[in-house]
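Trainee: I would like to go through this model and ask, for each label, what justifies it. Could we set each value against its cut-off before we conclude anything?

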Amino acid sequence: MREKEGAGETTVRRGGVVSALLGLGGITEGAVAEGGVQVKASAGDDGVGEERKSVVRVLSADMPPALQRRAFRCARDELAGMPHSPRRLQPKRLALALKKEFDTAYGPAWHCIVGTSFGSYVTHARGGFLYFSVDKIYILLFRTAVEPSPHCDDQTNSS
């Protein structure tokens, strides 16, 4: 029984780290589930609409906290903009939004995989990997190194 109590304290600490990364004001203390943190997200920016709680979990990361916060915010905003009744996940839309956001802000070669079930094994650039979930939606965001392609100029001047 004590092991479970100690594990709960570890979960709360990890949840505190995640909540700090999220940088959101609507986080309720003690609302930790499965190593994540429940976050209140309103349906609209005007405060009107139903509130829902999202559980965000960082499963693996090699990314600075500021970039992680940006990914969480972008994912949360895209998910909030998707139709709620019936709740339909549009993984392609979410993946495109995250990729565009990071390509624009941090340079090219960002890749994003979104779904409820997928496997992957990727090589990423240092500091450019984040695997997290929002509720039951899993998101893999990573950057690859971009190398200039060899030019054909060397072959044309060989005469």
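Mentor: Let us begin with accessibility: a residue counts as buried under 20% relative accessible area, as exposed over 50%, and as partly exposed in between. Keep in mind throughout that this is a predicted model.

Trainee: What makes Glu101 buried, partly exposed or exposed?

Mentor: Its relative accessibility is 27%, and because that value falls between the cut-offs of 20% and 50%, Glu101 is called partly exposed.

Trainee: How do you know that the side chains of Arg70 and Glu101 meet in a salt bridge?

Mentor: The N to O distance between these side chains is 2.7 Å, and since a salt bridge requires a side-chain nitrogen of Lys or Arg within 4 Å of a carboxyl oxygen of Asp or Glu, the pair qualifies. Arg70 belongs to helix H2 (residues 65–81) and Glu101 to helix H3 (residues 91–106), so this salt bridge ties together parts that are 31 residues apart in sequence. Arg70, with a relative accessible area of 28%, is partly exposed as well. As a general point, side chains of opposite charge can pair when their charged atoms come close.

Trainee: How many salt bridges does the structure hold?

Mentor: There are four, and the pair formed by Arg70 and Glu101 is one of them. Another joins Lys99 to Asp103, whose closest N and O atoms are 2.6 Å apart; both residues lie in helix H3, four residues apart, which is about one turn of the helix. Lys99 is partly exposed at 30% relative accessibility, and Asp103 is partly exposed at 22%.

Trainee: Why is the contact of Arg76 with Asp77, with the closest N and O atoms 3.6 Å apart, called a salt bridge?

Mentor: The separation of 3.6 Å is within the 4 Å cut-off, so the definition is met for Arg76 and Asp77. Asp77 has a relative accessible area of 44% and counts as partly exposed, because that value is not over 50%.

Trainee: Turning to the rings, why is the pair of Phe118 and Tyr131 called stacked, tilted or edge-to-face?

Mentor: A search of the whole structure finds six aromatic pairs. The ring centres of Phe118 and Tyr131 are 6.2 Å apart, within the 6.5 Å limit, and their planes stand at 65°, which is over 60 degrees, so the pair is edge-to-face. The pair links distant parts of the chain, with Phe118 in the loop between strand E3 (110–115) and E4, and Tyr131 in strand E4, 13 residues apart. Phe118 is partly exposed at 25% relative accessibility, as is Tyr131 at 24%. Elsewhere, Phe102, Tyr106 and Trp110 form one aromatic cluster.

Trainee: How do you know whether E4 is largely enclosed by the rest of the structure?

Mentor: Five of the six residues of E4 are buried, so the description "largely enclosed" is justified. Ser133, which is found in strand E4 (residues 129–134), has 1% relative accessibility and is therefore buried, being under 20%. Setting aside residues up to four places away in sequence, Ser133 touches Val55, Val56, Arg57 and Tyr138.

Trainee: What makes E4 and strand E5 count as paired?

Mentor: Pairing needs at least two bridges, and because E4 and strand E5 (residues 137–143) share six of them, in the antiparallel sense, the criterion is satisfied. In this ladder Phe132 stands opposite Ile139, while Tyr131 stands opposite Leu140. The two strands form a hairpin with two residues between them, and Asp135 in the turn has a positive phi of about 60°.

Trainee: Which strand do six bridges join to E3?

Mentor: That strand is E5, which runs antiparallel to E3; Gly115, for instance, has Tyr138 in E5 as its bridge partner. E5 is itself mostly covered, with five of its seven residues buried.

Trainee: And what is the order of the elements of the chain from the N terminus on?

Mentor: The order is α-β-β-α-α-β-β-β-α, made up of four helices and five strands. Of the chain's 159 residues, 30% count as buried. Among contacts between residues at least 6 apart in sequence, 50% join residues at least 24 apart.

Technical notes: Residues are numbered from 1 along each chain as its sequence is written. This is a predicted model: local features need pLDDT of at least 70, side-chain atom pairs count only at pLDDT 80 or more; totals for chains, interfaces and linings use all residues. Side-chain values use heavy atoms; hydrogens and water are left out. Buried means under 20% relative accessible area, exposed over 50%, partly exposed in between (1.4 Å probe, protein chains only). Contact means heavy atoms within 4.5 Å. Rings of Phe, Tyr and Trp (its six-membered ring) pair if their centres lie within 6.5 Å; planes under 30 degrees apart count as stacked, over 60 as edge-to-face and the rest as tilted.
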